[in-house]
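Subject: Structure handover

Hi,

Here is the structure I promised to pass on. Please open it first; my notes follow below.

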Amino acid sequence: MTRAERKLDHIKHALSTGQSRQTWLDDIRFVHQALPNSNWESVSLQTHLGELVFGSPFFINAMTGGGGAKTAELNSQLARISREMNIPMAVGSQMAALKNPEEISTYSTVRKENPKGVIFANLGSEATVDQAKRAVDMLEADAIQIHLNVIQELTMPEGDREFSGALSRIETLVNELNVPVIVKETGFGISRETAIKLQEINVAAIDVGGFGGTNFAAIENERRQRKLSYFNEWGIPTAAALIETTSVMSTTPVIASGGIQHALDIVKCLALGASAVGLAGVLLKKLVEDGEEATIQEIMRINEDLTMLMVSLGANSIEELQRSPLIISGELFHYLSLRGID
Ligand code: FNR
């Protein structure tokens, strides 16, 4: 199977396995405020990640890596959506284009469609400095995401089996590149032990990419003869990964992603301390099933719902939202108690 066929397989199985809604965000409740003292007109959805300013506190997370004409088309559509809605967009892994120059247009179309927007490059932690620089240049990217996907590689029959040295390679990228380096998981979550290591090497942001949404173990198991089903329930649910990570971060911004489906999920993640929130599977499904215009409408509804929720919570800005009291119960509460996190 070629790389392009494999990437199309991932899209097909991501859509058929869907999102499992096991993020534990449903274990979090806001405390209603009957006197919020807020106005619709005063709410600002703007957020920032270091120097980068986002029109809304969410973005299109990485999805479409090297799959020939079909992914080129999806990338163009996503880029137009990100331009129309003034939200950032990450491309999928660019390794395909680094190995095969014919694939470059699959990605560079994103910058053509969205000349002024915030765009993230994307590579795995095996990337060299030269490869990362080329990936950034290909898109004139504003930042680069380095993805960590050990469980996906292990469940992929043709996947990597060697994972040593990733942290020091990422440290070299942080030191050598002149754009921010964001490290992201791809659906299995970042623990506080991992977060501490990443903070020590000064990454620009950590995207916790938690469990409970698109599940790459389940996707790869669909493609395998001998199923490694023990990995299907593996990983740190997004709410837990976010709290683990924010509990040990002093200055490094944290991004929430993994199974984010709607505005209430986004608002909860922001209230837990995320600076921004990434959506992948849910936008892919909308785009593939209902098209570009319907996806734009969906994002407009999310913006409207975010404003609605912020008015109800008396938060005029994302900073104010981050001070909202929350009630944590259920499995998430139990998990945090066992991990000794308040
Ligand atoms: C992904 N994701 C991903 N991530 C990454 O860093 N590089 C990549 O190339 C890809 N490729 C990819 C393809 C497809 C079809 C999907 C659905 C996803 C992972 C993605 O960015 C995200 O971390 C996970 O999908 C979890 O988020 P959601 O989908 O639950 O919102």
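Which of the 21 residues around the ligand come nearest? Ala62, Met63, Thr214, Gly259 and Gly281 do. Before the rest, one caution: this is a predicted model.

**Confidence**

The chain has a mean pLDDT of 96. Of its residues, 99% reach 70 or more. For the complex, the predictor gives an ipTM of 0.99 and a pTM of 0.97.

**The ligand site**

Three polar contacts to ligand oxygen atoms are worth loading into your viewer. Start with Ser93: a backbone N or O atom of this residue lies 2.8 Å from an oxygen atom of the ligand. Asn122 uses its side chain instead, with a polar atom 2.9 Å from a ligand oxygen. Lys184 also contributes through its side chain, where an N or O atom is 2.8 Å from an oxygen atom of the ligand.

How much of the ligand's accessible area does the protein cover? On its own the ligand has 610 Å² of accessible area, and the protein covers 96% of that. Three elements give two or more residues to the shell: α1 (3–17), β8 (181–185) and α12 (281–290). By class, the shell holds 12 polar, 7 nonpolar and 2 charged residues.

**Aromatic pairs**

The count comes to 6 aromatic pairs. Two of the pairs are described here.

Phe59 and Phe120 pair edge-to-face. Their ring centres are 5.6 Å apart, and the planes meet at 75 degrees. This pair links distant parts of the chain. Phe59 sits in strand β4 (residues 58–60) and Phe120 in strand β6 (residues 119–124), 61 residues apart. Both Phe59 and Phe120 are buried. Together with Phe54, Phe59 and Phe120 form one aromatic cluster.

Phe231 and Trp234 are also an edge-to-face pair. Here the distance is 5.2 Å centre to centre, with 80 degrees between the planes. Are these two partners buried or exposed? Phe231 counts as buried because its relative accessibility is 10%, under the 20% cut-off. Trp234 is at 45%, so it counts as partly exposed.

**A buried arginine**

Look at Arg111 in helix α4 (residues 104–113). Why does Arg111 count as buried? Its relative accessible area is 9%, and buried means under 20%. What does the side chain of Arg111 reach? It reaches the backbone oxygen of Leu139, at 2.8 Å.

**Positive phi**

Two residues to check in your backbone plots are Arg21 and Asn202. Neither Arg21 nor Asn202 is a glycine, yet each has a positive phi.

- Arg21 has a phi of about 55 degrees. Its place is the loop between α1 and β1 (28–30). Arg21 counts as partly exposed because its relative accessibility is 25%.
- Asn202 has a phi of about 65 degrees. Its place is the loop between α8 (192–200) and β9 (205–207). Asn202 is at 58% relative accessibility, so it counts as exposed.

**Two spans of 21 residues**

Now two C-alpha distances. Glu41 and Ala62 are 21 residues apart along the chain, and their C-alpha atoms are separated by 32 Å. Gly278 and Ser257 are also 21 residues apart, but their C-alpha atoms are separated by 4.7 Å.

Where do Glu41 and Gly278 lie? Glu41 is in the loop between β1 and β2 (47–49). Gly278 is in strand β11 (residues 276–279). Glu41 counts as exposed because its relative accessibility is 73%, over the 50% cut-off. Gly278 is at 3%, so it counts as buried.

Ala62 ties this back to the ligand: it is one of the residues that come nearest.

Best wishes

Methods
Residues numbered from 1 in each chain as written. Heavy atoms only, no water. Near = heavy atom within 4 Å. Polar contact = N/O pair within 3.5 Å; in protein donor to acceptor, adjacent residues only side chain to side chain. Areas by Shrake-Rupley, 256 points an atom, 1.4 Å probe, with all protein chains shown as cover. Helix = DSSP H or I, 4+ residues; strand = E, 2+ residues; numbered from the N terminus. Nonpolar A, V, L, I, M, F, W, Y, C, P; charged D, E, K, R; others polar. pLDDT = per-residue confidence, 0-100. Phe/Tyr/Trp six-rings, centres within 6.5 Å; stacked < 30°, edge-to-face > 60°. Buried < 20%, exposed > 50% of the residue type's maximum accessible area, 1.4 Å probe, protein only.
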